[in-house]
Amino acid sequence: MPHISLRNLTITYGDLEVLKGVTADIPDRQVTTIIGPSGCGKTTLLKSLNRLLDLNEDARLYGEILMDGINTYGQNTDILALRKTVGFLSQRPYPLPMSIYDNVAFGPRIHKLSRYEILNQIASVEKHGLLAQCSVENLFQMDMKKKNVEMDILVECYLRLSGLWDEVKDRLHGSAAQLSVGQQQRLALARTLAVGPEVILADEPTSALDPLSSQLIERQIKILKNLYTIVVVTHILRQARRIADHVIFLYMGELVEDGPADQFFDSPKDDRTRAYIKGTIS
Ligand SMILES: Nc1ncnc2c1ncn2[C@@H]1O[C@H](COP(=O)(O)OP(=O)(O)O)[C@@H](O)[C@H]1O
Ligand SMILES: [Mg+2]
C-alpha cells in the first residue's frame, strides 16, 4: 500500500498558477476528501496523482509527489504501472459499448493477466473478508477445466465490491448501456477495481447521480477503504462530512488546512476554513 506525500507541489497551465506549493500527506486505507470551491484546483491535483495530468500539454508541475518515498515524476517512473496502481473514477460513467461482464473483464484482459495472476488478485481481496458471499469461497473446489472460470469469479467479486452484483447477476451478458446512470457509475467502479489498484481517485463521483445512487456510491467508498487508499474530490461539504477520514481544503490553489476530518470540521484552525464550513465563502 503506497504512502502518498505531496511536497511543495506547484502546477501551472501557461501563466496560470493553479496549485501553489501544496504540501500534504494522504493516509493509507482511509478516505481523504479534497474540498474547495469550483476552480480551486481539485481536479488538477487529483489528476497529478496518477499522471493523467501528463495528457495535458500545457500543464507544468514543480515539486514532488512521493509514493513510498519515490518521486512519481522522477526519470524512471513506469507511467502505465503507476496508472494501474492508482486507478481513476471520473465524474460521469462511460461504459464501454459491450456487456456488463465484458466491461469488468476488460482491464484484466488488456493487461493479459494469467489465470494465476487473476486467482492471486482475487485471493488478495478475499483475505480482507469483504467477499463473504462470493463464489470465491469455492475457489479451490472450482472446476478449473471449465473455460474462463477464473474470469467469472473475478467479475462477480468486483461487481460485489462495487455493490452492483445483486442488480445485474441475472443479466451479466446484457448491454451496459441499458443500466441506469447510477448503476453505470458502480460499473465504472467495478471496472476500476478489476485492474487491481491500491489507490482509487474519484473526481466528484456522485455529481451526475440522483440522491439514492449517490448514497450507494458513498456506502461502497466507506466499505472499500478497508482495502484501498481512497481520494475523493467533492464540492459537497455534507458529503465530505459523511465519508471523510481526512480532509484537504484548497482555496484558490492554496492548501489552507488539512487534517483528520473530526478536527477539521469541529475545530478548524484557519478563518477561511471556518468561513467555508459556515457557508460565508464559496
Ligand atoms: N487544461 C487547462 N488549461 C488551462 N486552464 C485550465 C485547464 N484545466 C483547468 N484549468 C483552470 O485551472 C483552474 C483549476 O481547475 P480545476 O483543477 O479543474 O479546478 P476544480 O476541479 O477545483 O474545479 C481553473 O481556473 C481552470 O479554469
Ligand atoms: Mg473539478
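Which side chain has an N or O atom 3.1 Å from a nitrogen atom of ligand 1? Select N56 to find that atom: the side chain of N56 supplies it. Please keep in mind throughout the tour that this is a predicted model.

**Stop 1: ligand 1**

Keep ligand 1 on display and add the 13 residues around it; G39, K42, T43, T44 and N56 come nearest. Then select K42, where an N or O atom of the side chain is 2.9 Å from an oxygen atom of ligand 1. Proceed to G41, where the backbone is to be inspected: one of its N or O atoms lies 3.1 Å from an oxygen atom of the ligand.

**Stop 2: helices α5 and α7**

The tour now turns to pairs of helices. Two packed helices are described by the angle between their axes and the distance between the axes.

Select residues 149-161, which form helix α5, and residues 181-194, which form helix α7. Their axes come within 8 Å and cross at roughly 125°. At that angle, α5 is oblique to α7. The crossing is right-handed. To view the contact itself, show the side chains of L154, Y158, L159 and L161 in α5, together with L187, A190, L193 and A194 in α7. Eight residues of this contact are nonpolar, while none is polar and none is charged.

**Stop 3: helices α3 and α5**

Leave α5 selected and add helix α3, residues 100-110. The two axes come within 10 Å of each other, with a crossing angle of roughly 110°. The pair is therefore described as roughly perpendicular. On the α3 side, display I100, Y101, V104, A105, P108 and R109; on the α5 side, display M151, D152, L154, V155, Y158 and L159. The contact of α3 with α5 comprises 10 nonpolar residues and two charged ones, with no polar residue.

**Stop 4: helices α4 and α5**

Finally, replace α3 with helix α4, residues 115-126. Here the axes are 10 Å apart, and the helices pack at an angle of about 30°. This makes α4 roughly parallel to α5. The crossing of α4 with α5 is left-handed.

Which residues of α4 meet α5? Select R115, I118, L119, Q121, I122 and V125. Their partners in α5 are V149, E150, M151, I153, L154, C157, Y158 and L161. When the residues of this contact are coloured by class, 11 are nonpolar, one is polar and two are charged.

Key: Residues are numbered from 1 along each chain as its sequence is written. Chains are lettered from A and ligands numbered from 1 in the order in which they are written. This is a predicted model: local features need pLDDT of at least 70, side-chain atom pairs count only at pLDDT 80 or more; totals for chains, interfaces and linings use all residues. Side-chain values use heavy atoms; hydrogens and water are left out. Axes are lines fitted to C-alpha atoms, for helices over the stretch in contact, and angles run from 0 to 180 degrees between N-to-C directions. Helices (H or I, at least four residues) and strands (E, at least two) are DSSP runs, numbered from the N terminus. Angles under 35 degrees count as roughly parallel, over 145 as roughly antiparallel, 65 to 115 as roughly perpendicular and the rest as oblique. A crossing is left-handed if the near helix is turned anticlockwise from the far one by less than a right angle, and right-handed if clockwise. Contact means heavy atoms within 4.5 Å. Ala, Val, Leu, Ile, Met, Phe, Trp, Tyr, Cys and Pro count as nonpolar, Asp, Glu, Lys and Arg as charged, and the others, Gly among them, as polar. A residue is near a molecule or strand if one of its heavy atoms lies within 4 Å of it. A polar contact is a pair of N or O atoms within 3.5 Å; within protein, one must be able to donate a hydrogen and the other to accept it, and residues adjacent in sequence count only if both atoms are side-chain atoms.
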